[in-house]
Amino acid sequence: MKYIDEYRDSALSMQIIQKIKEETKENINIMEVCGTHTMSIFRHGIRSVLPAKINLISGPGCPVCVTPQGEIDAFIKIAKEKDVIVAVFGDLMKIPGSTSCLNDEKREGADVRIVYSVFDAVEIAKNNRDKRVVFFGIGFETTTPTIAASVDMADKMGIDNFFVFISHKLVIPALNTLVTNENIKINGFLLPGHVLLVSGTDCYQDFVNKYKIPAVVGGFEPVDILSAILMLLRQYNKGEARVENGYERAVTKSGNLKAKALVESIFEPCDSIWRGIGLIPKSGLRLKKKYIKFDASKKFDVEVKNIKPPKLCICGEILTGYKTPKDCKLFKKICNPENPVGPCMVSSEGTCSAYFKYL
């Protein structure tokens, strides 16, 4: 398959691995920011073929995982409301709230529907005008444009029973917080290809210039990831720090200008809480005043409380790369995919889920 098979070429992968071994001079910590990278690295056995001096750290790149407990509880509360239909992606169904999850609420009679797109939720609202339809909007720059488009669509079509519970995050402010954490030593960033497909590489240049840490945009196939690691090693060995694009077939310097313009017309930056990290200034998005009527948190007047994580769960420390799932006393014992204690085990992009499945 074009653009897939050539990036899974085993002979080419072995050549890159040999070059990585030649370039590995000293210990280096590389953080893969994206949860999709984490899963691809495990799926293709990339950790097992790298020199021991290369330490891959999983970062906070799973949107489900970084959503704070208080927001999960607030959305579950909305799901219990009368004449409400809540629409979510499937990986949100099992995320444990303080007392239940959406799966539990569905079994108790709540109208919870799994959708494949936010536009499915708009259609549900259009066909059920006597119901209030609420979509749980989470994600990074990758998914934000579709949420913005859904709000724009509902506004233009006069669909006034469609609402979005906003929990969108921006990647760069989180990276700023991570590199200033004394407990975490990061020598290079493997940047998420799909996020930069929207934002573009230019957005990351100021960050790299400020902290002098190499950064490479990578795709998600074995050749993509190995090539990005090699590029990071070469920068590091030369004492360089720049944004390098290893995913040129998808990512450009300026990104998707149309998508970015749409997001800027609907949303504005705001402070946001990240699970495991805390409050990060200007790391989230909220609807602009013109579109505030679509904000579910305002419509239902729900309070997002600061909830402590479950006892012994270390998802927060795992999300920042400070610890791994193997350090968790609950991992593979009480906490597993069928009985997840924290979101890192629930999401298909969660680090605990990857460790459970592949190690």
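**View 1. Thr38 and its surroundings in helix 2 of a predicted model.** Thr38 lies in helix 2, which spans residues 35-43 (a helix being a DSSP run of H or I of at least four residues, numbered from the N terminus). With a relative accessible area of 1%, Thr38 is buried, a word used for values under 20% with a 1.4 Å probe and protein chains only. Leaving aside residues up to four places away in sequence, Thr38 touches Glu32, Ser58, Thr351 and Ala354, where contact means heavy atoms within 4.5 Å.

The model is predicted, so local features need pLDDT of at least 70 and side-chain atom pairs count only at pLDDT 80 or more, while totals for chains, interfaces and linings use all residues. Residues are numbered from 1 along each chain as its sequence is written, and side-chain values use heavy atoms, with hydrogens and water left out.

**View 2. The largest nonpolar core, with Phe189.** This core has 73 residues, and Ile78, Val134, Phe165, Leu175, Phe189 and Leu191 have the most contacts inside it; such a core is a set of buried Ala, Val, Leu, Ile, Met, Phe, Trp, Tyr and Cys residues joined through side-chain atoms within 4.5 Å. Helix 5 (residues 69-79) gives the most to this core, with six residues. Again setting aside residues up to four places away in sequence, Phe189 touches residues including Met31, Leu175, Phe207 and Leu232.

**View 3. Another nonpolar core.** Apart from the largest core lies another, of 26 residues, among them Ala125, Ile159, Ile166 and Phe294.

Conventions
Helix = DSSP H or I, 4+ residues; strand = E, 2+ residues; numbered from the N terminus. Buried < 20%, exposed > 50% of the residue type's maximum accessible area, 1.4 Å probe, protein only.
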